[in-house]
Amino acid sequence: MGRKSDAGERLLAAGAELFGRRAYSSVGVAEICAAAGVPKGSFYYFFHSKQDLALSIVDTHWARQREQWVDILGQPGTAADRIRELFVATAQVQRDALADAGVVAGCLFGNLALELSSTEPGVRARLEEIFDSQVQMIEDALGEGSHDLATSVVAQLEGLVLMAKLRQDPSQVDAYWAPIARMLTSS
C-alpha cells in the first residue's frame with residue numbers, strides 16, 4: 001500500500017502562515033512551496049492556482065473560527081456577555097499571534113478583503129458569505145430585528161482588529177468595548 005502524502009496540508013499551512021504575515025500579492029507559489037517543503041510542480045496537483053489555495057485557507061480558517069463563535073455564542077448569559085466573549089477571544093488570537101510571530105496579524109478575512117475585493121471576485125464572494133454568516137450569528141444571539149445592530153457589531157470587531165494590526169497592539173480590541181456595550185444595551 002502506498003504512503004499518503006501530507007503535501008496538501010503542508011501547502012495550506014505554509015500559505016496560511018505567509019498570507020497571515022504578508023500581503024497576498026507579495027507571496028508567490030514558489031515561496032509557498034519552499035516553506036511547505038513541497039516541489040513547485042506538486043502545488044498544481046492540489047490547487048489550480050494561488051487563488052484556489054487562498055480560498056481553501058479561508059474555508060479552513062472559517063471552519064475553526066465558526067466553531068469558536070458557535071461555542072461562545074452558545075454559552076449562557078446575556079447576548080452582550082456572549083458578544084463580549086467574542087471580543088475577548090479575538091483579542092487573545094491577536095496576542096497569540098504577537099507572541100508566536102512577533103506581529104499582530106489582524107484578521108485573515110479583513111486583510112484579504114482589503115487587498116483582493118476589487119481584483120479577485122471569487123475570494124470577494126466567499127469573504128462576503130463569511131461576513132454575512134458572522135452577522136447572522138450575532139443577529140441570532142441578539143434576537144429578531146437586530147440585523148443592523150449585528151452588522152455594526154461585526155464591523156466594530158473587524159475595525160478594532162484592524163486598529164490592533166495598525167498599532168501592533170492587541171489591547172486595541174479590548175480598549176473600545178465600552179461604547180459597543182452601550183450600543184448593545186441601548187438597543
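Five helices, α1 (7-21), α4 (50-73), α5 (79-101), α6 (108-116) and α8, each contribute at least two residues to the lining of the largest pocket. The model in which this pocket appears is a predicted one. The pocket has a volume of about 860 Å³, and 33 residues line it. Those that lie nearest its centre are H61, V93, Q94, G106 and L108. Among the contributing elements, α5 provides the largest share of the lining, with eight residues. By class, the lining consists of 17 nonpolar, 10 polar and six charged residues.

The second largest pocket encloses about 270 Å³ of space. Its lining is made up of 17 residues, and G110, F131, V154, A155 and E158 are the ones nearest its centre. Two or more residues of this lining come from each of α6, α7 and α8. The greatest contribution is that of α8, which gives eight residues. Nine residues of this lining are nonpolar, six are polar and two are charged. Helices α6 and α8 have already been named as contributors to the largest pocket, and they take part in lining the second largest pocket as well.

Helix α4, one of the elements lining the largest pocket, may be considered next. Does the distance between its ends agree or disagree with the span expected at 1.5 Å a residue? Helix α4 has 24 residues and should therefore span 34 Å, and its end C-alpha atoms are indeed 34 Å apart, so the two values agree. The buried residues of this helix are K50, L53, A54, I57, V58, W62, Q65, W69, I72 and L73. A general property of helices helps in reading such a list: an α-helix has 3.6 residues a turn, so residues three or four places apart point the same way. Within the list, the buried residues include L53, I57 and also W69 and L73.

Another helix, α3 (residues 40-46), contains F43. The relative accessible area of F43 is 0%, and this residue is therefore buried. Along the chain F43 is 13 residues from A30, and the C-alpha atoms of the two are separated by 8.9 Å.

The cysteines C33 and C107 also merit attention. Because its relative accessible area is 2%, C33 is buried. C107 likewise counts as buried, because its relative accessibility is 12%. How many disulfides does a search of the whole structure find? The search finds zero disulfides.

The path now leads to the later helices. R124 belongs to helix α7, and its relative accessibility of 34% means that R124 counts as partly exposed. R124 and A105 are 19 residues apart in sequence, and 20 Å lie between their C-alpha atoms. V153 is located in helix α8 and is buried, because its relative accessible area is 2%. V153 and Q134 are 19 residues apart in sequence, with a C-alpha to C-alpha distance of 9.6 Å.

The loop between α7 (121-142) and α8 (147-167) holds S146. Is S146 buried or exposed? S146 counts as buried, because its relative accessibility is 9%, which falls under the 20% limit for a buried residue. The side chain of S146 reaches the backbone oxygen of E139 at 3.4 Å.

Beyond α8, the loop between α8 and α9 contains Q168. With a relative accessible area of 33%, Q168 is therefore partly exposed. What sign does the phi of Q168 have? The phi of Q168 is positive, at about 50°, although Q168 is not a glycine. In general, most residues other than glycine have a negative phi.

Helix α9 (residues 171-175) follows, and Q172 is found in it. Q172 counts as buried, because its relative accessibility is 8%. The side chain of Q172 is joined to that of R167 by a polar contact of 3.0 Å.

Technical notes. Residues are numbered from 1 along each chain as its sequence is written. This is a predicted model: local features need pLDDT of at least 70, side-chain atom pairs count only at pLDDT 80 or more; totals for chains, interfaces and linings use all residues. Side-chain values use heavy atoms; hydrogens and water are left out. Helices (H or I, at least four residues) and strands (E, at least two) are DSSP runs, numbered from the N terminus. Buried means under 20% relative accessible area, exposed over 50%, partly exposed in between (1.4 Å probe, protein chains only). A polar contact is a pair of N or O atoms within 3.5 Å; within protein, one must be able to donate a hydrogen and the other to accept it, and residues adjacent in sequence count only if both atoms are side-chain atoms. On a 1 Å grid over the protein atoms alone, a cavity is a set of points where a 1.4 Å probe fits but cannot get out, and a pocket is an open set with protein on both sides within 12 Å along at least five of seven lines; lining residues have an atom within 4 Å of a point. Grid points are joined across faces, edges and corners, and a volume is the space filled by probe spheres set on the points. Ala, Val, Leu, Ile, Met, Phe, Trp, Tyr, Cys and Pro count as nonpolar, Asp, Glu, Lys and Arg as charged, and the others, Gly among them, as polar. The expected span of a helix is 1.5 Å times one less than its number of residues. A disulfide is a pair of cysteine sulfur atoms within 2.5 Å.
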